[in-house]
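Welcome! Take a moment to look over the sequence and the model, and then let us walk through the spaces inside, the helix pairs and a few backbone details.

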Amino acid sequence: MTTLSWAEPYKIKMVELIKMTSREDRLRAIREAGYNTFLLRSEDVYIDLLTDSGVGAMSDRQWAGIMMGDEAYAGSRNFYHLRDTVEEYYSYKYTVPCHQGRGAENILSQLLISPGDYVPGNMYFTTTRLHQELAGATFVDVIIDEAHDAESEHPFKGNVDFDKLDALLDEVGAEKIPYICIATCVNMAGGQPISLENLKRLRRWCDEHGIMFVHDMTRVAENAYFIQRRENGYQNKTIREIVYEICALSDAATMSSKKDAMVNIGGFLAMNDARFYERACALVVVYEGLHTYGGMAGRDMEALAIGITESVQDDHIHARVGQVLYLGRKIRAADIPIVNPIGGHAVFLNATKMLPHIPQEHFPAQALSAALYVESGVRSMERGIVSAGRDKATGKNHRPKLELVRLTIPRRVYTQAHMDVTANAVEEVVKRRDEIKGLRFTYEPEMLRFFQARFEQID
Ligand code: F0G
């Protein structure tokens, strides 16, 4: 039974020591890292809010599952456990394990896309869009306008705008749209949910036009939490029931299980169509591994199967999102502009508003993220113009309306006191905001540039 407090439904059995560094250490480290927090060594980080991916704390049961690994090359017992768990909790009949989400995206994109196709989605995600483009498609954003507005309080900013979808259909025709890719709890919008009403309408739309519905289910449990809290008729349903209902509306899914399902590595492609499964099995052996392990160790598949069952427990998700809300409210109370409503996995600082003296082409969010690290040892990530990359046709920078720094909370890892320290760190960096300088590239990788780009300060 969910209580009013978001107190954690677990206690700590093992700890990992972390160390605080000096400001001089951090200044040196960020310069060496080219002002890119991805290039810092984690040992130089105090509180690591870079991502929620692969950094969750596994439970004692998951660790026990690690010991139950069946490392057979083919037909591991853990694969069958994973497959049955995916069907039981997520509805999908067939599961193809992959080393992580982008492995599944690669297989999916190669199997479904022909050059010249269009793939609509509720806002882009970096690796998802890149795999679509590498397979020859153009991504088309069909999310509602409110999603691009950090201030809008819309309760379901992940919703699809059917006018945008119909306009695309009229322009290119259903035969050029192999599938629509819908993320639950949209990462780049600030961890914003999609409603079940919108998802059901999308199911009808896909049936009407013979277009496949693919679900990026990376954060489906967090989405279910917001449905339970905000959507009429779902208050008395469990997270597990809502997650199942969401998944059952789609034809296939890609999953990065490093998030919701609390494992350090792993993912899968899942579907209901036997022929599609057969084709995915034929391709997964080329890129990932045999279809009964796809890049995962047996032990990791076991930990994942157990993690799935833990991820849909109401108490767990209440505490998980509760911690994110706690941090967000604390930062907001200090009059610091963030994306509203507060999302499911992270608090997103609005760098455009915080650093009005830095134009977008000088990467305000990148600069803010670096400054926050120097101030406090808290590591965050840019989610703005650097992450958005360049238009594949024109070569020009995409210019997203959202220029954000993401404070991403790992699952079951940090305490309330760590959240307090983080909120204080953000307040401190705001006090020195006039000293923060814009950046320019000294190295810009061609693909997914945010991961490895290097910068220098503009004086
Ligand atoms: N889809 C979404 C919505 C994601 O957030 C991610 C990863 C992926 C797909 C790709 O999965 O990393 O397992 O290959 N997001 C991480 C993040 C990296 O920090 O947001 P992956």
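Domain bounds here come from an automatic or database domain assignment. This is a predicted model, in which local features need pLDDT of at least 70 and side-chain atom pairs count only at pLDDT 80 or more, while totals for chains, interfaces and linings use all residues. Residues are numbered from 1 along each chain as its sequence is written, and side-chain values use heavy atoms, with hydrogens and water left out.

**Pockets**

A few terms will help. On a 1 Å grid over the protein atoms alone, a pocket is an open set of points with protein on both sides within 12 Å along at least five of seven lines; a cavity is a set where a 1.4 Å probe fits but cannot get out; lining residues have an atom within 4 Å of a point. Grid points are joined across faces, edges and corners, and a volume is the space filled by probe spheres set on the points.

The largest pocket holds about 1,700 Å³ of space. It is lined by 42 residues, and M14, A57, M58, R412 and V413 are the closest to its centre. Where does the largest pocket lie? Domain 1 (23-52 + 314-457) and domain 2 (60-311) both contribute to its lining, so the largest pocket lies between them. Helices (H or I, at least four residues) and strands (E, at least two) are DSSP runs, numbered from the N terminus. With that naming, β1 (47-48), α2 (60-67), α11 (298-311) and α12 (314-333) each give at least two residues to the lining of the largest pocket.

The second largest pocket has a volume of about 550 Å³. Of its 41 lining residues, F125, T127, N187, R219 and K259 are the closest to the centre. At least three residues of this lining come from each of domain 1 (23-52 + 314-457) and domain 2 (60-311). Which helix gives the most to the lining of the second largest pocket? That is α5, with 4 residues. Other elements that each supply at least two residues include α4 (101-112), β3 (118-121) and β7 (252-256).

**Cavities**

The structure also holds 3 cavities of 30 Å³ or more. The largest cavity has a volume of about 80 Å³, and among the residues that line it are W6, Y10, H316, R411 and R412. About 40 Å³ of space lies in the second largest cavity, which is lined by N36, T37, F38, Q366, M381, E382 and F450.

The table sorts the linings by residue class: Ala, Val, Leu, Ile, Met, Phe, Trp, Tyr, Cys and Pro count as nonpolar, Asp, Glu, Lys and Arg as charged, and the others, Gly among them, as polar.

| Lining | Nonpolar | Polar | Charged |
|---|---|---|---|
| Largest pocket | 19 residues | 10 residues | 13 residues |
| Second largest pocket | 17 residues | 14 residues | 10 residues |
| Largest cavity | 3 residues | 2 residues | 4 residues |
| Second largest cavity | 3 residues | 3 residues | 1 residue |

**Helix pairs**

Axes are lines fitted to C-alpha atoms, for helices over the stretch in contact, and angles run from 0 to 180 degrees between N-to-C directions. Helix α7 (residues 196-209) packs against helix α9 (residues 239-248) at an angle of about 25°, with the axes 10 Å apart. Angles under 35 degrees count as roughly parallel, over 145 as roughly antiparallel, 65 to 115 as roughly perpendicular and the rest as oblique. The helices α7 and α9 are therefore roughly parallel to each other.

For α12 and helix α16 (residues 416-431), the angle is about 30° and the axes are 9 Å apart. This pair, α12 and α16, is therefore roughly parallel too.

**Backbone details**

Two loops are worth a look. N340 and P341 are joined by a cis peptide bond, with omega about -15°; P341 sits in the loop between α12 and β9 (346-350). M123 is not a glycine, yet it has a positive phi of about 75°, and its place is the loop between β3 and α5.
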